[in-house]
Amino acid sequence: MAHATVCVGFTVSQLLRGARRICVTQSALMVLRHSAFCYCTVNGTVKSKRKMDHLERTAKNFRQEVISQAKVCGITNESETVKRLRLAIADKDFTFKAGQWVDFFIPGLSVVGGFSICSSPGLLEREGVLELAVKHADHPPAQWIHTKCALGSEVALRVGGDFFFDPQPGDAPVKLVLIAGGVGINPLFSILLHIADLHAYQEGKGNGYKMGTVKLYYSAKKTSELLFKQDILGLMAAFPGKITCRFHITQQRSQICEELQPHVTEGRISGKDLANHVSKDTLWYICGPPPMIESVSKLLSGIGVPRDCVFFEKWW
């Protein structure tokens, strides 16, 4: 899943720390990065001029210099069209922030893939692995993953991206609202898992960053297309009241399973749903197809969310 990123401002000083350590004041509106073919208009609408490959699209995004070797150590079917890869990382100094993506280099293939990491930085620290969830597509790297990738396959990775959540112990607590459409859940699931790690560390050690609550709104056509749904249910059970989720289903005709029913709303995410979370200490993260980002951006503007509290990543 290739990405271009636009992150719009923020209000909590130094909450997000990129490699260039960009600092802004609480009242400043700052565009942290623009892709080569995308711009943000006055009302937050995202426009695309033409389709480019991953490296061209993300040429102005932050990238680490180091390229690390990795080996596929797990492959599962996350859905009928999405494969979840588990990759063992050779370089012990390899790091990433929750929400970032990787350049995905495949031996013998000239096209470089771009896929969001769907696991937490904590998993990498604990087990030396990261995970990707890749939807089947005609794009050569995605095709390779779905047709040729096997246990033991060797690839190379380079971390990039300016869309992430990386609070430090001294930062002020914030609440998060994560809004995902389709496979746009990937970077937001990484952020959600990182938040779970922050809660667990705080509960166990009594120090570190004190995380506020997080609400995930996740929209898909059918429940069968909801990625990581069992993991998300598990996180809600493990952190009641701290992590909550609402699944929005737009085109399902069959009955919704009992386990999901309490958390499912039929229909699109609405301004009324989101209005309950508007506060001065809430940050909003959106990832999904461009029309969804445009729609949600307008909803947030309509309910009074400052643009400098909204961050989004756009995928194709």
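**Burial, cores and a helix pair**

Mentor: Let's kick off with S120: its relative accessibility is 4%, so S120 counts as buried. Keep in mind that we're looking at a predicted model.

Trainee: Okay, which residues is S120 in contact with, leaving aside its neighbours within four places in sequence?

Mentor: First find S120 in the loop between strand 7 and helix 2, the helix at 121–127. Then skip anything within four places in sequence, and the residues in contact with S120 are F96, R126, S190, L193, H194 and D197.

Trainee: Stepping back, what share of the residues in the protein chain count as buried?

Mentor: The protein chain is built with 7 helices and 15 strands. A residue counts as buried when its relative accessible area is under 20%. Across the 316 residues of the protein chain, the buried share is 53%.

Trainee: Which helix gives the most to the largest nonpolar core?

Mentor: As a rule, nonpolar side chains in soluble globular proteins tend to be buried together. Here the largest nonpolar core has 59 residues, and the ones touching the most other members are F165, L176, I191, I232 and Y285. Elements supplying at least two residues each include strand 10 (175–181), helix 4 (185–205), helix 5 (229–238) and strand 14 (282–288). The top contributor, with 8 residues, is helix 4.

Trainee: And how many residues are in the second, separate core?

Mentor: Look for F96, V102, L130 and V134, which are among its members. The size of that second core is 23 residues.

Trainee: Back to I232: which residues does I232 touch, not counting those up to four places away in sequence?

Mentor: I232 is one of the residues with the most contacts to other members of the largest core. Drop the residues up to four places away in sequence, and I232 touches F189, L192, L216, Y218, L227, C245 and F247.

Trainee: Are helix 4 and helix 5 roughly parallel or roughly antiparallel?

Mentor: Two packed helices are described by the angle and the distance between their axes. For helix 4 and helix 5, the axes come within 11 Å and cross at roughly 25 degrees. Angles under 35 degrees count as roughly parallel. Helix 4 and helix 5 are therefore roughly parallel.

Trainee: How many charged residues are there in the contact of helix 4 with helix 5?

Mentor: Helix 4 brings F189, L192, L193 and A196 to the contact, while helix 5 brings D231, I232 and L235. Sorted by type, that contact has 6 nonpolar residues and no polar ones, and the charged count is 1.

Trainee: Which strands are included in what covers the buried residues of helix 3?

Mentor: Helix 3 runs over residues 140–147, and its buried residues are P141, A142, W144, I145 and H146. Their cover includes strand 5 (82–89), strand 6 (101–105), strand 7 (113–116), strand 8 (129–135) and strand 9 (154–160).

Trainee: What is the phi of F228 near?

Mentor: F228 is in the loop between strand 11 and helix 5, and with a relative accessible area of 0% it is buried. Its phi is positive, in a residue other than glycine, and is near 60 degrees.

Trainee: Last one: how far apart in space are C309 and Y285, C-alpha to C-alpha?

Mentor: C309 is in the loop between helix 7 and strand 15, and its relative accessible area of 3% makes it buried. C309 and Y285 are 24 residues apart in sequence, and in space their C-alpha atoms are separated by 8.6 Å.

Definitions and conventions:
Residues numbered from 1 in each chain as written. Predicted model: local features only at pLDDT ≥ 70, side-chain atom pairs only at ≥ 80, totals over all residues. Heavy atoms only, no water. Core = buried A, V, L, I, M, F, W, Y, C linked by side-chain atoms within 4.5 Å. Buried < 20%, exposed > 50% of the residue type's maximum accessible area, 1.4 Å probe, protein only. Helix = DSSP H or I, 4+ residues; strand = E, 2+ residues; numbered from the N terminus. Contact = heavy atoms within 4.5 Å. Axes fitted to C-alpha atoms, helices over the stretch in contact; angles between N-to-C directions. Parallel < 35°, antiparallel > 145°, perpendicular 65-115°, else oblique. Nonpolar A, V, L, I, M, F, W, Y, C, P; charged D, E, K, R; others polar.
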